[in-house]
Amino acid sequence: MQNIHKIKQDICEIGKRIYAKGFAAANDGNITVRVSENEVLCTPTMHCKGYLKPEDISVVDMTGKQLSGNKKRSSEALLHLEIYKQRPELKSVVHCHPPHATAFAVAREPIPQCVLPEVEVFLGDVPITKYETPGGQAFADTVIPYIHKSNVIILANHGTVSFGENVERAYWWTEILDAYCRILLLSRQLGHVQYLSGDKSRELLELKDKWGFTDPRLTKEFENCDICANDVFRDSWEANGVSRRAFDAPPAAGSMTGGAAPAAAAGKNVDEEQLVKLITAEVMRQMGKA
């Protein structure tokens, strides 16, 4: 039997962490935990997540109707409920606005892969949705294409949403993502990001599989993808306004079947803008030698 009061206390604790980390200014963010087939604990709207009390947490059903609670449920509950509908095994969803990850959301810059071992193991490719006004079902629907291939999603011009088997684990993915985005931005200030080799990246994916973490790049669907080139969600970039501007494309790393990517495939994974830059730089270099 579940201890509902304890779960409410856990929600409040995660709210404190979110607020202390600067992931939710003022009344930003929302947290839910699914406690039965039709009941979800939900944080209140217009309430600072750093000062939640168990009695502030309401109960809503899977349509969003509030069943109990003295304070009105979050206005973005439909986003959480859609995630539960798509993945019934999930028990908690956390939405907030971590500043470094949200910077990528605003720039619509894809998160580089094959940089940090921990990120390869725990996150993998991170999608960016198309933008939609928060609160309604249309906003909730923006995450549907990505829910089964990631445990954390960047919401364009908005923030992040992450989910897991409990509220602690749901929050983890957001914290890992924001720490990684901060490191990327600091590295960019130093001049560039040094990518891991294809062989070393494959070793990390093998560890991920061994430790029981899922990754689309380990499936038949993506066995021939370039494992470092954001191939899992690349097809969504154009429609969602996502493109590389701040970070260079990684060197072609090859597929999980081993070996380097063929020249044609490697060319396919380079941004047109980046390709123009490379060609221009080489032309200028040759002119300087003339």
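1. Let's start with H6: this helix lies across strand E1 (30-34), strand E5 (92-96), E6 and E7, and runs at about 140° to E7. Axes here are lines fitted to C-alpha atoms, for helices over the stretch in contact, with angles from 0 to 180 degrees between N-to-C directions. Helices (H or I, at least four residues) and strands (E, at least two) are DSSP runs, numbered from the N terminus.

2. Before going on, some housekeeping. This is a predicted model, where local features need pLDDT of at least 70 and side-chain atom pairs count only at pLDDT 80 or more, while totals for chains, interfaces and linings use all residues. Numbering starts from 1 along each chain as its sequence is written, and side-chain values use heavy atoms, leaving out hydrogens and water.

3. The sheet under H6 is an open one of seven strands, ordered E4-E3-E2-E1-E5-E7-E6, with antiparallel pairing; strands pair if DSSP finds at least two bridges between them. Strand E4 (66-68) and strand E6 (152-155) sit at the edges with a single partner strand each, so one side of each has no neighbour in the sheet. On average, neighbouring strands are turned by 25° against each other, direction ignored.

4. E1 deserves a look. Five of its five residues are buried, meaning under 20% relative accessible area, with exposed being over 50% and partly exposed in between (1.4 Å probe, protein chains only). Asn-30, Thr-32 and Arg-34 point one way, Ile-31 and Val-33 the other. In a regular strand, side chains do alternate between the two faces of the sheet.

5. On the pairing of E1: four bridges join E1 and E5 in the antiparallel sense, and Thr-32 has Val-93 in E5 as its bridge partner. With E2, E1 has three bridges, again antiparallel, and Arg-34 is partnered by Val-40. The hairpin from E1 to E2 goes through five residues. Further out, E3 and E4 pair over two bridges, and Val-60 has Gln-66 in E4 as its bridge partner.

6. Helix H2 (residues 77-86) is mostly covered too, with eight of its 10 residues buried. Among them are His-80 and Glu-82, which you may want to view alongside the rest. The cover includes E1, E2, E5, helix H5 (137-141), E6 and E7, contact being heavy atoms within 4.5 Å.

7. Back to H6 and its helix partner. Helix H3 (residues 99-107) packs on helix H6 (residues 167-190) at about 70°, with the axes 7 Å apart. That makes H3 roughly perpendicular to H6 (the class covers 65 to 115 degrees; under 35 is roughly parallel, over 145 roughly antiparallel, the rest oblique). H3 brings Pro-99, His-100, Ala-101 and Phe-104 to the contact, and the H6 side includes Leu-177, Asp-178 and Arg-182. H3 also lies across E6 and strand E7 (159-164), at about 55° to E6.

8. Last, the rings: there are six aromatic pairs, where ring centres of Phe, Tyr and Trp (its six-membered ring) lie within 6.5 Å; planes under 30 degrees apart count as stacked, over 60 as edge-to-face and the rest as tilted. Tyr-19 and Tyr-51 are edge-to-face, 5.8 Å centre to centre and 65° between planes. Tyr-19 is partly exposed at 34%, and Tyr-51 is exposed at 57%. Phe-104 and Phe-247 have planes at 20° and centres 5.8 Å apart, so this pair is stacked. Phe-104 is buried at 2%, as is Phe-247 at 6%.
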